[in-house]
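Student: I am new to this structure and would like a close look at a single part of it. Please take one loop residue and then follow the chain outward from there to the helices and the ligand.

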Amino acid sequence: MDKMIIRGGKPLRGSVSVSGSKNTALPILIAALLTDEPVRVRNVPRLRDVTTTLALLNELGARARWTSDHEVEIRAQRITSHVAPYELVKTMRASFLVLGPLLAREGIARVSTPGGCAIGTRPVNLHISGIRALGAKIQLRNGYVEAHARTLKGARIWLDNPSVGATENLMMAAVRASGHTQIENAAREPEIVDLAAMLGAMGAQISGAGTHVIEIDGVERLHGAEHEVIPDRIEAGSLMVAAAITGGDVTIGNAPLNHLEAVTAKLAEAGVEITPTNGGVRVRREGNLKPIELRTLPYPGFPTDLQAQMMALLTQASGTSVITETIFENRFMHALELIRMGADILMKGPTAVVRGPAKLEGAPVMATDLRASMSLILAGLAAEHATELGRVYHLDRGYEALDVKLAALGAQIERVKEA
Ligand code: UD1
């Protein structure tokens with residue numbers, strides 16, 4: 001298992017570029033199951049979760065392969081298996097998204113439920129009730145969701161909360177259902193809009209993506225398409241925090257500022273200088289950081305996937321910040337490790353009170369999930385002495401060449417291979 005060793009204290013300077021969005025690439029690659037024609041996807045990040053997705057698609061009988069550095073071609077001419085096994089789904093929750101497309105194309109799917117995860121219970125009840133509303137028969141057997149439907153029929157579906165995954169799964173099922181589907185209280189994330197664009201390029205009839213109500217008119221078949229994945233707003237936000245926490249000056253190319261409004265507003269409130277550039281953003285911090293209040297919300301609110309990184313930053317603000325996590329019920333695991341590095345954080349239920357500025361000291365730390373790993377790297381960049389981050393595989397799930405990108409900005413960071 002690899003480790004990352006970070007020696008902090010150096011302001012980051014220079015330019016860096018954001019990779020394609022992980023959370024967009026995964027459903028878009030999975031959408032290729034909906035057609036027997038070739039699908040070509042560009043700007044796909046080289047990540048462990050993408051490798052897992054390609055393995056899953058191959059397992060189902062598709063031929064999914066890299067055709068160049070960041071381009072993938074998938075041809076699901078025939079589907080030979082309808083089973084998404086536990087071994088794959090447990091390592092990557094997004095595997096559950098094959099339920100909708102498999103069912104739409106084949107009328108049958110057997111998909112393992114994802115089970116618990118480090119950031120909360122994360123059930124799939126909304127995926128299941130939505131698919132049922134489209135006319136599928138669903139049973140839960142031996143930890144698997146077994147779904148059958150001779151034909152799916154369009155329906156009106158109300159989501160109790162605007163789940164990103166449920167919205168995606170239902171879109172991919174409904175595009176080939178007969179008749180009209182309306183998904184109400186749908187997620188509005190940019191990832192949904194990009195998936196709708198991909199499905200549209202494949203011949204689907206979708207409108208309203210990016211709003212609370214998505215309308216879909218089912219079509220009999222979808223065809224091949226080409227699509228370029230949008231840049232990763234969470235990676236961009238993480239790099240912005242890296243510039244800010246080190247008191248640096250970094251230009252981030254390819255940063256999707258239009259998807260980062262809540263993030264830039266909160267960073268500016270904390271005293272970080274944000275200047276849009278041609279195709280990206282320049283992030284600078286000279287003076288002290290100011291404390292802020294922050295609440296995670298569905299898009300366009302502040303993303304939960306940047307909460308851990310902001311917590312690391314706010315340990316360095318002069319005063320008391322308050323962070324409220326409203327999306328996941330157990331997403332403060334990184335706080336315990338930040339406290340071990342010297343942070344002053346008090347947690348009560350969904351709220352964390354962060355008092356700063358704290359003098360951070362490097363320590364051996366361990367992350368429980370992807371964004372928590374990033375938070376600890378950021379803390380390491382601001383800490384004295386060396387921080388040793390274990391379980392780097394979490395980081396590799398969702399950040400492309402992060403150590404290389406940070407090192408190019410002057411960070412002292414190295415990956416150590418362990419036997
Ligand atoms: C996606 C993102 C993840 C991000 C999250 C919230 C991907 C691959 N992952 O995850 O990085 O943190 O959105 O922005 O895109 N819920 C239910 N029932 C369900 C489904 C969800 O109660 O059937 C709840 C969850 O427990 C959670 C909330 O809804 O409290 C939001 O989850 P959801 O939007 O579904 O997250 P994911 O799609 O899993």
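Tutor: N43 sits in the loop that runs between β3 (38–42) and α2. The model is a predicted one, and in it N43 has a positive phi of about 60°, although N43 is not a glycine. Most residues other than glycine have a negative phi, and most peptide bonds are trans.

The second half of that statement brings in two prolines. The peptide bond from Y299 to P300 is cis, and its omega is near 10°. P300 belongs to the loop between β18 (293–295) and α10 (307–314). Another cis peptide bond joins G356 and P357, here with omega at about 0°. P357 is placed in the loop between β21 (351–356) and β22 (364–366).

Now return to the loop of N43, which has α2 at one end. Two packed helices are described by the angle between their axes and the distance between the axes. Helix α2 covers residues 48–59, and its axis comes within 10 Å of the axis of helix α1 (residues 22–31), with a crossing of roughly 10°. Angles under 35 degrees count as roughly parallel, and therefore α1 is roughly parallel to α2. On the α1 side the contact is made by K22, L26, L29 and I30, and on the α2 side by D49, V50, T53, L54 and L57. Sorted by character, the residues of this contact are six nonpolar, one polar and two charged.

Helix α1 also packs against helix α7 (residues 190–201), at an angle of about 25° and with the axes 9 Å apart. That angle makes α1 roughly parallel to α7. The crossing of α1 and α7 is right-handed. From α1, the residues N23, T24, P27, I28 and A31 take part, and they meet E191, D194, L195, M198 and L199 in α7. Six of the residues in the contact of α1 with α7 are nonpolar, two are polar and two are charged.

One residue of α1 leads on to the ligand. N23, which is among the α1 residues that meet α7, has an N or O atom in its side chain 3.1 Å from an oxygen atom of the ligand. R93 offers a polar side-chain atom that lies 3.0 Å from an oxygen atom of the ligand. With P123 the backbone is involved: a polar backbone atom of P123 is 3.3 Å from an oxygen atom of the ligand. There are 17 residues around the ligand, and those that come nearest are N125, L126, S163, D305 and I327.

L126 in turn leads to another helix pair. Helix α5 (residues 125–133) and helix α6 (residues 164–174) pack at an angle of about 25°, and their axes are 8 Å apart. This makes α5 roughly parallel to α6. As with α1 and α7, which cross in a right-handed way, α5 passes α6 in a right-handed crossing. L126, H127, G130 and I131 of α5 make the contact with G165, A166, N169, L170 and A173 of α6. The residues of the contact of α5 with α6 divide into five nonpolar and four polar, with no charged ones. L126 therefore appears twice in this account: as one of the residues that come nearest to the ligand, and as part of the α5 contact with α6.

Notes: Residues are numbered from 1 along each chain as its sequence is written. This is a predicted model: local features need pLDDT of at least 70, side-chain atom pairs count only at pLDDT 80 or more; totals for chains, interfaces and linings use all residues. Side-chain values use heavy atoms; hydrogens and water are left out. Axes are lines fitted to C-alpha atoms, for helices over the stretch in contact, and angles run from 0 to 180 degrees between N-to-C directions. Helices (H or I, at least four residues) and strands (E, at least two) are DSSP runs, numbered from the N terminus. Angles under 35 degrees count as roughly parallel, over 145 as roughly antiparallel, 65 to 115 as roughly perpendicular and the rest as oblique. Contact means heavy atoms within 4.5 Å. Ala, Val, Leu, Ile, Met, Phe, Trp, Tyr, Cys and Pro count as nonpolar, Asp, Glu, Lys and Arg as charged, and the others, Gly among them, as polar. A crossing is left-handed if the near helix is turned anticlockwise from the far one by less than a right angle, and right-handed if clockwise. A residue is near a molecule or strand if one of its heavy atoms lies within 4 Å of it. A polar contact is a pair of N or O atoms within 3.5 Å; within protein, one must be able to donate a hydrogen and the other to accept it, and residues adjacent in sequence count only if both atoms are side-chain atoms.
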